[in-house]
Amino acid sequence: MKKEELESFRSELLSLRQRLVGNMRYLSEAAQSQSEENGNMRGGAPLHPAETGSDNFEQEFTMSLMENENRALEMVEHALKRIEEGTYGTCESCGERIPKARLKAIPFTSLCVKCAEAHEKGEA
Ligand SMILES: [Zn+2]
């Protein structure tokens with residue numbers, strides 16, 4: 001892969017990482033304020049028991065969003081490391097080159113289409 005191409009993927013990944021870190025911060029603040037609200041409700045007499053349930057749901061939802069963001073962030077970090085190592089753009093499973101169209105769509109992928117599909121099937 002050309003150096004300029006690698007650089008453009010790197011800057012793409014860096015801005016993606018920045019966005020994910022920002023999302024994580026936002027979500028963790030949201031989760032914290034949600035849990036404080038829940039705590040306050042538990043401490044006092046809940047006037048609206050139905051709402052307590054929906055707040056717990058909200059918090060769980062935030063947590064699952066955070067998990068997704070965290071996983072994406074790990075993949076982005078991993079891809080950045082592979083750029084440093086010079087292995088970016090090759091499939092981690094079969095060693096084949098990953099098509100650029102795929103890298104442009106998912107810059108943090110580390111598997112070619114074939115292996116990603118096999119991986120998904122294996123996990124299901
Ligand atoms: Zn592969």
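**A guided reading of the four-helix model**

Visitor: Where do F57 and F61 lie, and how many residues apart are they?

Guide: Both F57 and F61 belong to helix 2, at a spacing of four residues, or about one turn of the helix. The model shown here is predicted.

Visitor: What makes up the secondary structure of the protein chain?

Guide: The protein chain holds four helices and zero strands. Read from the N terminus on, the order of its elements is α-α-α-α. Of the 124 residues in the protein chain, 29% are buried.

Visitor: How many aromatic pairs are there by the rule?

Guide: The count comes to two aromatic pairs. One of them joins F9 and Y88, with 5.6 Å centre to centre and 55° between the planes.

Visitor: Why is the pair of F9 and Y88 called tilted?

Guide: The planes of F9 and Y88 stand 55° apart. Stacked requires an angle under 30 degrees and edge-to-face one over 60, so the remaining name, tilted, applies. The pair also links distant parts of the chain: F9 is in helix 1 (residues 3–43), whereas Y88 is in the loop between helix 2 and helix 3, 79 residues apart.

Visitor: How do you know whether F9 and Y88 are buried or exposed?

Guide: The relative accessibility of F9 is 6%, and the relative accessible area of Y88 is 6%. Buried means under 20%, so F9 and Y88 both count as buried.

Visitor: What is the aromatic pair of F57 and F61 called, and why?

Guide: F57 and F61 form a stacked pair, because their planes are 20° apart and stacked means under 30 degrees. Their centres are 6.5 Å apart.

Visitor: Why do F57 and F61 receive the names exposed and partly exposed?

Guide: F57 has a relative accessible area of 55%, which is over 50%, so F57 is exposed. F61 has 48%, which lies between 20% and 50%, so F61 is partly exposed.

Visitor: Which residues are the protein donors of the zinc ion?

Guide: The donors are C91 (SG), C94 (SG), C112 (SG) and C115 (SG), lying 2.3 Å from the zinc ion. That distance is within the cut-off of 2.8 Å, so these sulfur atoms qualify as donors. Along the chain the donors follow the spacing C-x2-C-x17-C-x2-C. Among them, C91 and C115 link distant parts of the chain, 24 residues apart: C91 is in the loop between helix 2 (49–85) and helix 3 (100–105), and C115 is in helix 4 (residues 113–123).

Visitor: What makes the site of the zinc ion tetrahedral?

Guide: The angles among its four donor atoms are 105 to 115°. All of them must lie between 85 and 135 degrees, and they do, so the site counts as tetrahedral. Ideal angles for four tetrahedral donors are 109.5 degrees.

Visitor: Are C91 and C115 buried or exposed, and why?

Guide: C91 has a relative accessibility of 3% and C115 one of 13%; both values are under 20%, so both residues count as buried.

Visitor: How many disulfides are there by the rule?

Guide: The count is zero disulfides, because the rule asks for a pair of cysteine sulfur atoms within 2.5 Å.

Visitor: What lines the largest pocket?

Guide: The largest pocket, with a volume of about 300 Å³, is lined by 13 residues, of which M75, L111, A116, H119 and E120 lie nearest its centre. Helix 2 and helix 4 each supply at least two residues of this lining, and helix 4 gives the most, with five residues.

Note on methods. Residues are numbered from 1 along each chain as its sequence is written. This is a predicted model: local features need pLDDT of at least 70, side-chain atom pairs count only at pLDDT 80 or more; totals for chains, interfaces and linings use all residues. Side-chain values use heavy atoms; hydrogens and water are left out. Buried means under 20% relative accessible area, exposed over 50%, partly exposed in between (1.4 Å probe, protein chains only). Donors are N, O and S atoms within 2.8 Å of the metal (3.2 Å for Na, K and Ca); water is not among the atoms, so sites may look incomplete. Four donors count as tetrahedral if all angles lie between 85 and 135 degrees; four count as square planar and six as octahedral if opposite donors are over 155 degrees apart and all others between 65 and 115; anything else is irregular. Rings of Phe, Tyr and Trp (its six-membered ring) pair if their centres lie within 6.5 Å; planes under 30 degrees apart count as stacked, over 60 as edge-to-face and the rest as tilted. On a 1 Å grid over the protein atoms alone, a cavity is a set of points where a 1.4 Å probe fits but cannot get out, and a pocket is an open set with protein on both sides within 12 Å along at least five of seven lines; lining residues have an atom within 4 Å of a point. Grid points are joined across faces, edges and corners, and a volume is the space filled by probe spheres set on the points.
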